[in-house]
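Hi there,

Here is the structure I promised to pass on to you. Have a look through it first, and then read on for what turned up.

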Amino acid sequence: MKQLRIHPAGWAAAVTFLALVGAAGFRAVPGVLMDPLHQEFGWSVSTISAAVAVNMALYGLTSPFAAALMERFGIRKVVTAALLVVSAGSGLTVFMTASWQLILCWGVLVGLGTGSMALALVATVTGRWFVKRRGLVSGVLTAGGAAGQLVFLPLIAWVATTYGWRPAALGVAFAALAVAPFVVWLLRDSPADVGALPYGGTEADVVVPVRVGAGRIAIRGLVEAARARPFWYLAAGMMICGATTMGLIQPHFIPAAHDHGMPVTMAASLLAVVGLCDIAGTIASGWLTDRIDPRLLVFASHQIGAALMALAAGVVRDQLHSYDAAWYAGGALCVLAGGLSLLVTRGRARISVPGH
């Protein structure tokens with residue numbers, strides 16, 4: 001009987017997915033812990049939302065430079081360091097006594113850590129390890145964040161309701177920390193490290209890491225893209241997408257539902273269902289990119305939009321004592337984003353990035 005052999009790229013994808021799931025635990029935290037923090041410390045929703053906004057902004061802005069770091073120092077070192085930073089940022093919250101410490105832990109530390117493992121990690125792993133099925137694998141890995149939300153949301157809500165917010169925060173810290181040894185053990189920087197070729201590829205498909213000048217390449221790519229008008233249409237659309245999903249729904253859905261008398265655990269379960277649909281949609285979009293030429297996306301604008309809306313929704317809640325205006329604004333923005341998407345034309349212009 002022929003023994004089934006898993007290509008090394010499969011192991012690289014599996015441990016990357018695990019790392020993304022472990023780091024995604026924090027995405028479940030703000031919505032669940034917003035009310036407990038408000039009740040214990042008396043911090044306004046705006047103040048707590050400011051920490052979430054800093055997190056989301058850094059999450060997006062860090063990504064291009066994280067890719068440069070992976071080129072310079074290697075995937076394994078960057079991902080391991082990022083997981084440790086996320087673990088520290090979440091774990092240190094149990095010692096907080098002032099709101100600036102929340103911004104430092106939730107905003108700066110966790111934002112930098114999760115940003116270092118966002119799309120930069122997915123793009124780097126798929127670009128080096130896969131030729132065949134690259135789009136599908138990219139979709140599956142991107143779904144890791146949604147999978148983390150699906151796993152952690154109900155669990156964190158239950159722990160926070162039963163035992164308090166501190167054990168919930170420590171649980172997220174432990175989840176990120178627990179994944180780090182698997183990254184050190186199984187994740188390699190390229191197929192050449194294990195004497196293999198990219199999955200479905202040949203010697204000509206081997207990507208040589210850019211050890212010098214990777215940061216300049218990231219900036220040059222952004223500058224070249226910014227010269228095209230479709231870039232700004234897509235950037236605006238992505239900003240609205242981030243505003244209405246990560247900025248409004250993720251951190252504020254559970255507090256808003258709780259305002260209307262819904263138990264936190266039930267609201268978290270409903271939000272987890274959104275994560276389930278996110279997984280299906282993300283994997284499907286990855287499958288489509290193997291068959292249809294994808295349009296250029298700018299991820300940073302997505303997270304800037306998320307940051308602005310996360311803060312704005314908190315201000316709306318504090319000033320009007322209701323999230324209604326924020327939901328209406330989100331709906332109107334989605335209509336605008338649909339119009340902007342229709343203005344984007346498919347083109348053949350490509351941004352040249354050495355090694356990719």
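A word on terms before the numbers: a cavity here is a set of grid points where a 1.4 Å probe fits but cannot get out, and its volume is the space filled by probe spheres set on those points. Please keep in mind that this is a predicted model.

With that in hand, the structure holds one cavity of 30 Å³ or more, and the largest cavity has about 30 Å³ of space in it. Its lining is made up of Phe26, Val29, Leu33, Ser90, Thr93, Trp106, Trp165 and Ala169. Two elements give two or more residues to that lining: helix H2 (29-41) and helix H8 (165-186). Sorted by class, the lining of the largest cavity counts six nonpolar residues and two polar ones, with no charged residue.

Now for the chain as a whole. You will find 13 helices and zero strands in it, so to speak an α-α-α-α-α-α-α-α-α-α-α-α-α pattern when read along the sequence. The chain has 356 residues, and 47% of them are buried.

On contacts, take the pairs of residues at least 6 apart in sequence: 86% of these contacts join residues at least 24 apart. As for the surface, about 16,900 Å² of the chain is exposed, and 69% of that comes from carbon and sulfur atoms.

If you would like to begin with the cavity, Trp106 and Trp165 are among the residues that line it.

Best wishes

Methods. Residues numbered from 1 in each chain as written. Predicted model: local features only at pLDDT ≥ 70, side-chain atom pairs only at ≥ 80, totals over all residues. Heavy atoms only, no water. 1 Å grid on protein atoms, 1.4 Å probe; cavity = no way out; pocket = protein on both sides within 12 Å on 5 of 7 lines; lining within 4 Å. Helix = DSSP H or I, 4+ residues; strand = E, 2+ residues; numbered from the N terminus. Nonpolar A, V, L, I, M, F, W, Y, C, P; charged D, E, K, R; others polar. Buried < 20%, exposed > 50% of the residue type's maximum accessible area, 1.4 Å probe, protein only. Contact = heavy atoms within 4.5 Å. Areas by Shrake-Rupley, 256 points an atom, 1.4 Å probe, with all protein chains shown as cover.
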